[in-house]
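This report describes a single protein chain from its overall fold down to individual side chains. Please consult the sequence and the structure shown here while reading.

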Amino acid sequence: MAPGVESPGDRVLEDRELVKKLLAKDDTAYRYFYETYQSKIYKASVYLLGYQDPDAEDVAQEVFLAALKQLPQFEFRSSLYHWLYRICMYLCYERIRKRRRL
């Protein structure tokens, strides 16, 4: 089980169950997925890009879009949060690299 991750009905959703529901395009699962991980991913993007960086929120949104697109390839080698965090890191470093080129 994903520690500390509770659904609105006080029921913990395991990563496998959540991924299965997301792949089935369950609207409730989409909301749960976003609400559960959004603040953590935003904090990670702020940590990597800087407190007042206007791109932090954009990157946090892009993480979810990229994750949903790549979800069928998720292999459960790590927790869902860790996978999202790695996507966030990649996108943040891409932003930083693009800035250096300009």
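## Exposure of side chains

A residue is called buried under 20% relative accessible area, exposed over 50%, and partly exposed in between. Arginine 97, with a relative accessible area of 36%, is therefore partly exposed. The coordinates belong to a predicted model, and the same classes of exposure are used throughout this report.

## Overall architecture and confidence

The secondary structure of the protein consists of 4 helices and 0 strands. Along the sequence this gives the pattern α-α-α-α. The protein has 102 residues, of which 38% count as buried. Among contacts with a separation of 6 or more, 58% are between residues 24 or more positions apart.

Mean pLDDT for the protein is 88, and 87% of its residues reach 70 or more. Confidence is highest in helix 3 (residues 55-70), at a mean of 96, and lowest in helix 4, at 93. Over residues 1-11, pLDDT stays under 50. The model nevertheless has 16 contacts beyond four places in sequence for residues 1-11. Where pLDDT is low, predicted coordinates should not be read in detail.

## Packing of helix 2 against helix 4

Two packed helices are described by the angle between their axes and the distance between the axes. For helix 2 (residues 27-49) and helix 4 (residues 80-101), the axes come within 10 Å and cross at roughly 35 degrees. The crossing of helix 2 with helix 4 is right-handed. Helix 2 contributes Phe33, Tyr37, Lys40, Ile41, Ala44, Ser45, Leu48 and Leu49 to the contact. The residues from helix 4 are Leu80, Tyr81, Leu84, Tyr85, Cys88, Met89, Cys92, Tyr93, Arg95, Ile96 and Arg99. By class, this contact has 15 nonpolar, 1 polar and 3 charged residues.

Tyrosine 93 lies in helix 4 and is among the residues that make the contact with helix 2. Its relative accessible area is 37%, so tyrosine 93 counts as partly exposed. Leucine 48, which belongs to the helix 2 side of the contact, is 45 residues from tyrosine 93 in sequence. In space, the two C-alpha atoms are 8.1 Å apart.

## Salt bridges between helix 3 and helix 4

Side chains of opposite charge can pair when their charged atoms come close. The model has 7 salt bridges, counted with a cut-off of 4 Å between nitrogen and oxygen. Which residues are linked in a network of salt bridges? The network is made up of Asp53, Asp55, Glu62, Arg95 and Arg99.

Within the network, the side chains of aspartate 55 and arginine 95 meet at 3.3 Å, N to O. Aspartate 55 lies in helix 3 and arginine 95 in helix 4, so this pair ties together parts that are 40 residues apart in sequence. Arginine 95 has 18% relative accessibility and so counts as buried. Aspartate 55 also forms a salt bridge with arginine 99, where the closest N and O atoms are 2.8 Å apart. This second pair again links distant parts of the chain, with aspartate 55 in helix 3 and arginine 99 in helix 4, 44 residues apart. Arginine 99 is partly exposed, because its relative accessible area is 37%. Both arginine 95 and arginine 99 also appear in the contact of helix 4 with helix 2.

## A salt bridge within helix 4

Arginine 97 and glutamate 94 form a salt bridge through their side chains, at 2.7 Å from N to O. Both residues lie in helix 4, 3 residues apart, which is about one turn of the helix. Glutamate 94 has a relative accessibility of 21% and so counts as partly exposed, as does arginine 97 at 36%.

## Loop residues with positive phi

Lysine 25 has a positive phi of about 60 degrees although it is not a glycine. Lysine 25 is located in the loop between helix 1 (15-23) and helix 2. With a relative accessible area of 61%, lysine 25 is exposed.

Phenylalanine 76, also a residue other than glycine, has a positive phi near 60 degrees. The loop between helix 3 and helix 4 holds phenylalanine 76. Its relative accessible area is 25%, so phenylalanine 76 is partly exposed.

Key
Residues numbered from 1 in each chain as written. Predicted model: local features only at pLDDT ≥ 70, side-chain atom pairs only at ≥ 80, totals over all residues. Heavy atoms only, no water. Axes fitted to C-alpha atoms, helices over the stretch in contact; angles between N-to-C directions. Helix = DSSP H or I, 4+ residues; strand = E, 2+ residues; numbered from the N terminus. Left-handed = near helix turned anticlockwise from the far one by under 90°. Contact = heavy atoms within 4.5 Å. Nonpolar A, V, L, I, M, F, W, Y, C, P; charged D, E, K, R; others polar. Buried < 20%, exposed > 50% of the residue type's maximum accessible area, 1.4 Å probe, protein only. pLDDT = per-residue confidence, 0-100.
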